[in-house]
Amino acid sequence: MRTEIIQHDPDSNWENAALRVLRAGGVVGVPTETVYGLAGDATNAEGVAAIYAAKGRPSHNPLIVHVADQAMAEHYALFSPLAGTLSKAFWPGPLTLVLPRRENAPLASAVTAAGDSLAVRCPTGPLNALARALDSPLAAPSANLSGHVSATTAQHVLDDLGGVIPLIIDGGPAAHGLESSIVDVREDVPVLLRPGAISREAIEAVIGSPLAMKDSAGAAPVAPGLLASHYAPRVPVRLDVLPDDVEKGEAYLGFGEHALSRHQTLSASGDLSEAATKLYSTLRELDQRQPKGIAVAPIPKTGLGLALVNRLKRAAAPRR
Ligand code: TXA
Ligand code: MG
C-alpha cells in the first residue's frame, strides 16, 4: 500500500481525503496536540479492526474514543458531576476520562475490548474537525507500532506505519509531545491511570482533592495498555544516570545541569515542557544511531516530570 502524506492546511483538501478513508472503514494518521493518533471510525467494526491490525496491538487493550464536543461524548458515556467538572475545565484538550459506557452505545465492541467502561477525550485541531464532520467519534491510539516509541511528527508515523496505512495528515510537530492524562472517574475518588500532558497538580486544583494514583508498571494493569515495556526504542535504556556514570558506547540524554557535550539533552535549562516536546523524537533519533544503549539523566517527578518519568520507566523496562 502506498502511504500518502497531505499537509494540514486550508488549501490541501486534507479533510475530504481523510473522510473518504474513514468512511470506507480505513485508518488515517492524524496530528493531535499530544501525539499523532491512528484514527478510525469508532462505530465501524472494520475501521476499528484496521487500527489493531496496523499497530499490531493486542486485542485486549481498549482504545480512546475522540469526540467533537461534550454532547457527542454524552451520547456514548455517562457523566457524573465530577466528570462534567473535569471535561468543562480541560476540554478540548489532553485529558482522557474513563467513564461508564452507555449501554447500547453504537460503538464497535473492539473499541472497549468488550468492557463496560469507555475512555473518552475531546481533542483540539484536525482530529476534532474530523469527528465533527463525520458526526461520529474516532478511536485513536498513538500512531506507532505497538510497544514502540510514540510518534510526534508525520515522519515518525511514516517510519512505523508507512506502507501499512493509506494516509497521514502532516500538522507539524505535536505541541505537547506526551499523551493525554487518563483519569478514571467511575468511583468517588478519581484515579490517575496515566500521567500525561496535564499535570497531576492542575487536575487536583480543579477537583479540590488529591487524585488516587495507580502506577501499573509491573503490576496487573487496570488499563491493559499500561504494560511494563512500552514506549521503547530498540536499544536498551538506563535511567537516573549521572554524566560520570555513562558507559562507553552509550548515548547520553541529559536534563538540566546533568549534560555531556556532544550528547543530546532534553532541556538544558531543566524545562519540563521543553523536555516533553523532545522526548519521543530524541529517543527515536538516538535509537537510529544504534548506540550500545541510551542513558538518561535524572528527571524530577513534579508537574510534567511525572509523565516523563512514567514513559521513561516503561521505555527502560525489561523487554518481553
Ligand atoms: O494523547 C492521547 O491519549 C493519544 C492521542 C492520539 O489521543 N492516544 C493514546 O492512545 O495515547 P493509546 O491507545 O496509545 O493509549 C491509550 C491508553 C492505553 O493504555 C489503554 O489501555 C487505555 O488508554 N485505555 C483505553 N480505554 C480504556 C478504558 N476503558 N479503561 C482504562 N484504560 C483504557
Ligand atoms: Mg500509545
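Contact is taken here to mean heavy atoms within 4.5 Å. In this predicted model, and with neighbours within four places in sequence left aside, Glu-179 is in contact with Thr-34, Val-35, Ser-142, Ser-150, Arg-194, Gly-196, Ala-197, Tyr-231, Tyr-280 and Arg-311. The residue itself is placed in the loop that runs between β8 (167–170) and β9 (181–184). Because buried means under 20% relative accessible area, Glu-179, with a value of 4%, is classed as buried. Its side chain takes part in a polar contact with the side chain of Tyr-280, at a distance of 2.7 Å.

Two of the residues in contact with Glu-179, Thr-34 and Arg-194, also appear among the closest residues to ligand 1, a group that further includes Asn-61, His-66 and Ser-180. The shell around ligand 1 consists of 26 residues, and by class these divide into 14 nonpolar, eight polar and four charged residues. Three strands, β4 (64–66), β6 (117–121) and β10 (191–194), each contribute at least two residues to this shell, and the greatest contribution is that of β6, with four residues.

Several side chains of the protein place polar atoms beside those of the ligand. An N or O atom in the side chain of Asn-61 is found 2.6 Å from an oxygen atom of ligand 1, while a polar side-chain atom of Ser-117 is 3.0 Å from a nitrogen atom of ligand 1. For Arg-121, a polar side-chain atom lies 3.1 Å from an oxygen atom of the ligand. Of the 680 Å² that ligand 1 exposes when taken alone, 96% is buried by the protein.

In soluble globular proteins, nonpolar side chains tend to be buried together. In the present model, the largest nonpolar core comprises 64 residues, and those with the most contacts inside it are Leu-86, Leu-95, Val-111, Val-183 and Ile-203. Helix α1 (residues 14–23) supplies the largest share of this core, amounting to six residues. Apart from this core lies another, of 30 residues, which includes Val-149, Val-241, Leu-253 and Ala-276.

The surroundings of Leu-86 illustrate the packing within the largest core in further detail. When neighbours within four places in sequence are again left aside, Leu-86 is in contact with Trp-91, Leu-95, Leu-97, Val-183, Val-185, Ile-203, Val-206 and Ile-207. Among these partners, Leu-95, Val-183 and Ile-203 are themselves listed with Leu-86 as residues having the most contacts inside the core.

Notes
Residues are numbered from 1 along each chain as its sequence is written. Chains are lettered from A and ligands numbered from 1 in the order in which they are written. This is a predicted model: local features need pLDDT of at least 70, side-chain atom pairs count only at pLDDT 80 or more; totals for chains, interfaces and linings use all residues. Side-chain values use heavy atoms; hydrogens and water are left out. A nonpolar core is a set of buried Ala, Val, Leu, Ile, Met, Phe, Trp, Tyr and Cys residues joined through side-chain atoms within 4.5 Å. Buried means under 20% relative accessible area, exposed over 50%, partly exposed in between (1.4 Å probe, protein chains only). A residue is near a molecule or strand if one of its heavy atoms lies within 4 Å of it. A polar contact is a pair of N or O atoms within 3.5 Å; within protein, one must be able to donate a hydrogen and the other to accept it, and residues adjacent in sequence count only if both atoms are side-chain atoms. Accessible areas come from the Shrake-Rupley method with a 1.4 Å probe; for residues, only the protein chains shown count as cover. Ala, Val, Leu, Ile, Met, Phe, Trp, Tyr, Cys and Pro count as nonpolar, Asp, Glu, Lys and Arg as charged, and the others, Gly among them, as polar.
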